[in-house]
Amino acid sequence: MRTVEIIFSPTGGTEKVAHIISGGWGSPAETIDLSNPKTDFSHYEIAPEDQVLVAMPSFGGRAPAVAIERLKRLRGNGAKCALVCVYGNRAYEDTLVEMEDAARESGFEVVAAIAAIAEHSIMPQYASGRPDASDEAQLAQFAGQIARKAPSKPSLPGNRPYKKAGGGGLIPKAGKECVKCGLCAESCPVQAIDSKTLEADAKTCISCMRCVKRCPHGARKVNGAMVSVAALALKKACSVRKENELFV
């Protein structure tokens, strides 16, 4: 039996959460990276006895459309899986039920789900430093509970039909520090960045902030004034510490 992580984690927060949980299952995990646009996900086939963790962030209360589409290309073959949605301390709304529907369509048996907190990818003042030591202990405890439970369908919060997905909105741009190395274009999960001009296509960009996070020169940024406005709008919802949740 393998432990398999199926992860979409543009800035690393979701990946960190996933590793904590799968680490609690006791065996090294193999990773399927849903953020790689060059991968043919239809070639992956999960064995029925595999233990699977599917993890992705919540973007405005929805799962990233590209991550859902790539998840649906996999063949679950009845393998039991736990879902993890990671959000920046605001709300995850319909993310888990959307992930549940996609996982079941791919042939997985969903037996548990976790909503976990990680530092906000655009406004790091919210959930700063999370997952922290307290989160790590709780997530490891959740992993043990999932491993011990009898297979059953969890009742997950969320609505069907899902809430309307928002647009990307905040599009990173290259500043004067840019040295044209092209790492941003190479690592973009949706190939939204032109490899020559390094400009992002606003219609394709999903505002995942991977290019901002990975730029070795700190050259890619989003509009500071727009971020300040968004941060003010989210202040009430994001300022009170939210806790991780387990659904079994």
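Helices and strands are DSSP runs, numbered from the N terminus. The model analysed here is predicted. In this scheme, strand S4 spans residues 80–87 and helix H3 spans residues 95–105. Asn89 sits in the loop between S4 and H3.

Asn89 has a relative accessibility of 2%, so this residue counts as buried; the cut-off for burial is under 20%. The side chain of Asn89 makes a polar contact with the backbone oxygen of Val240, at 3.0 Å. Neighbours within four places in sequence were set aside in listing the other contacts of Asn89. A run of these partners extends from Ala237 through Cys238, Ser239, Val240 and Arg241 to Lys242. Ile117, Ala127 and Arg130 are also in contact with Asn89.

One of these partners, Cys238, belongs to helix H7, which covers residues 224–238. Cys238 is buried, as are Val227, Ala231 and Leu234 of H7. An α-helix has 3.6 residues a turn, so residues three or four places apart point the same way. H7 is kinked by about 35 degrees, with the kink centred on Leu232. The N-terminal end of H7 is capped by Asn223. There, a side-chain oxygen of Asn223 lies 3.0 Å from the backbone nitrogen of Ala225.

H7 also contributes to the largest pocket. The volume of this pocket is about 1000 Å³. Its lining comprises 42 residues. Ser58, Phe59, Gly60, Ile122 and Ser207 lie nearest the centre. Two or more lining residues come from each of H1 (13–23), H2 (65–71), S4 and H7. H7 gives the largest share, three residues. By class, the lining of the largest pocket holds 22 nonpolar, 15 polar and five charged residues.

The second largest pocket encloses about 340 Å³. It is lined by 19 residues, and Thr11, Glu119, His120, Ser121 and Lys213 are the closest to its centre. At least two lining residues come from each of H1, helix H6 (210–214) and strand S7 (220–221). The lining of the second largest pocket divides into seven nonpolar, six polar and six charged residues. Helix H1 thus supplies residues to the lining of the largest pocket and to that of the second largest pocket.

Definitions and conventions
Residues are numbered from 1 along each chain as its sequence is written. This is a predicted model: local features need pLDDT of at least 70, side-chain atom pairs count only at pLDDT 80 or more; totals for chains, interfaces and linings use all residues. Side-chain values use heavy atoms; hydrogens and water are left out. The bend at a residue is the angle between axes fitted to the seven residues ending there and the seven starting there. Helices (H or I, at least four residues) and strands (E, at least two) are DSSP runs, numbered from the N terminus. Buried means under 20% relative accessible area, exposed over 50%, partly exposed in between (1.4 Å probe, protein chains only). A polar contact is a pair of N or O atoms within 3.5 Å; within protein, one must be able to donate a hydrogen and the other to accept it, and residues adjacent in sequence count only if both atoms are side-chain atoms. Contact means heavy atoms within 4.5 Å. On a 1 Å grid over the protein atoms alone, a cavity is a set of points where a 1.4 Å probe fits but cannot get out, and a pocket is an open set with protein on both sides within 12 Å along at least five of seven lines; lining residues have an atom within 4 Å of a point. Grid points are joined across faces, edges and corners, and a volume is the space filled by probe spheres set on the points. Ala, Val, Leu, Ile, Met, Phe, Trp, Tyr, Cys and Pro count as nonpolar, Asp, Glu, Lys and Arg as charged, and the others, Gly among them, as polar.
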